[in-house]
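Visitor: Please take one part of this model and look at it closely. I would like to know what it pairs with and what lies around it.

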Amino acid sequence: GFLELIIGASDGIGYVYTGKTVFYPSSGTFTSAALDSGGNLEYGKLSWNGDLPSQVGANAIKFHVSASADNNTWTDFMGPDGSANSYFQAQSAAGTVTISGPLINGQRYLKYKVYLSTVDQFYTPALNDVSITFSDNNAVDRLISDVSDNTFEITRPEITISAPGNA
């Protein structure tokens, strides 16, 4: 928006100062594209990096997750208790929360939804990147073929999928 400030002077002449001001919306959401983990797995952690000015207030960045076995039928977006009434909450500009649970583990696809809010519209929270870790529980998915004499040992590797920055 624009701010116009009219200031009167003792000489009877009024001065108008016009300047652009930035007002951020008080809230908004972002839903990721489907992230394909490639197989049977156990989800682990959701991590983020962003900016969380103190002026935005508490719980300015919150997350829900949704999962699907086939990328067609999805669970409802949910928080840590499996309902839409709870959220994975960011208490700082960077952090990690556990997202593992019976409603999403074993599902090939995952989406996250971010809820951003501010109590002071001159300031906004920002989310720069999100990462999700998971462990592959299916031995077939962990198969590595090697024609050399090398020996490989793989035990539930941790894998990270990341969304692009400036989500």
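Guide: What follows is a close look at strand β9 and its surroundings, set within the chain as a whole.

The model is predicted, and its confidence should be read before its details. The mean pLDDT of the protein chain is 74, and 67% of the residues score at least 70. By element, the highest mean is 93, in β6, and the lowest is 42, in strand β11 (residues 158-162). Over residues 140-167 the pLDDT stays under 50, and for that stretch the model has 45 contacts beyond four places in sequence.

The chain has 11 strands and zero helices. Of its 167 residues, 29% are buried. Among contacts with a separation of 6 or more, 73% are between residues 24 or more positions apart. The chain exposes about 10000 Å², of which carbon and sulfur atoms supply 51%.

Now to the pairing of β9, which spans 109-117. One partner is strand β6 (residues 61-68), which pairs with β9 in the antiparallel sense over eight bridges. Within this pairing, His64 stands opposite Lys113 of β9. As given above, β6 is also where the mean confidence is highest, at 93.

Another partner is strand β3 (residues 27-31), which runs antiparallel to β9 and is joined to it by five bridges. Here Gly28 is the residue opposite Leu116 in β9. A further antiparallel partner is β4, with two bridges to β9. In that pairing Leu35 stands opposite Leu110 in β9. As a rule, side chains in a regular strand alternate between the two faces of the sheet.

Next, the ends of β9. Before the strand comes the loop between β8 (94-98) and β9, where Arg108 lies. The side chain of Arg108 forms a salt bridge with that of Asp36, at 2.7 Å from N to O. Asp36 belongs to strand β4 (residues 35-36), so the bridge ties together parts that are 72 residues apart in sequence. The count of salt bridges comes to one. Both partners are partly exposed: Arg108 has a relative accessibility of 33%, and Asp36 has a relative accessible area of 38%. β4 therefore has two kinds of link to this region: its two bridges to β9, and the salt bridge from Asp36 to Arg108 in the loop between β8 and β9.

After the strand comes the loop between β9 and β10 (126-136), and Tyr123 lies in it. Tyr123 has a relative accessible area of 34%, so it counts as partly exposed. Together with Phe23 and Phe122, Tyr123 forms a nonpolar patch on the surface, and the three have about 320 Å² of accessible area together.

A residue from another loop also reaches this region. Tyr87 lies in the loop between β6 and β7 (88-89). Leaving aside neighbours within four places in sequence, Tyr87 is in contact with Lys62, Phe63, His64, Gly79, Pro80 and Tyr115. Among these contacts is His64, the residue that stands opposite Lys113 in β9. At 25% relative accessibility, Tyr87 is partly exposed rather than buried, because buried means under 20%. The C-alpha atoms of Tyr87 and Phe77 are separated by 9.7 Å, with their positions 10 residues apart along the chain.

Two asparagines in the loops on either side of β6 deserve a check of their backbone. Asn59, in the loop between β5 (41-51) and β6, has a positive phi of about 55° although it is not a glycine. Asn59 is partly exposed, with a relative accessible area of 30%. Asn71, in the loop between β6 and β7, likewise is not a glycine and has a positive phi of about 65°. Its relative accessibility is 34%, again partly exposed.

To draw the part together: β9 pairs in the antiparallel sense with β6 over eight bridges, is joined by five to the antiparallel β3, and pairs over two with β4. The loop before β9 holds Arg108, whose side chain meets that of Asp36 in a salt bridge. The loop after β9 holds Tyr123, one of the residues of the nonpolar patch.

Technical notes
Residues numbered from 1 in each chain as written. Predicted model: local features only at pLDDT ≥ 70, side-chain atom pairs only at ≥ 80, totals over all residues. Heavy atoms only, no water. Helix = DSSP H or I, 4+ residues; strand = E, 2+ residues; numbered from the N terminus. Buried < 20%, exposed > 50% of the residue type's maximum accessible area, 1.4 Å probe, protein only. Contact = heavy atoms within 4.5 Å. Areas by Shrake-Rupley, 256 points an atom, 1.4 Å probe, with all protein chains shown as cover. Patch = residues over 30% accessible without salt bridge, like charges linked within 9 Å, V, L, I, M, F, W, Y side chains within 5 Å. Salt bridge = Lys/Arg side-chain N within 4 Å of Asp/Glu carboxyl O. Pairing = 2+ DSSP bridges. pLDDT = per-residue confidence, 0-100.
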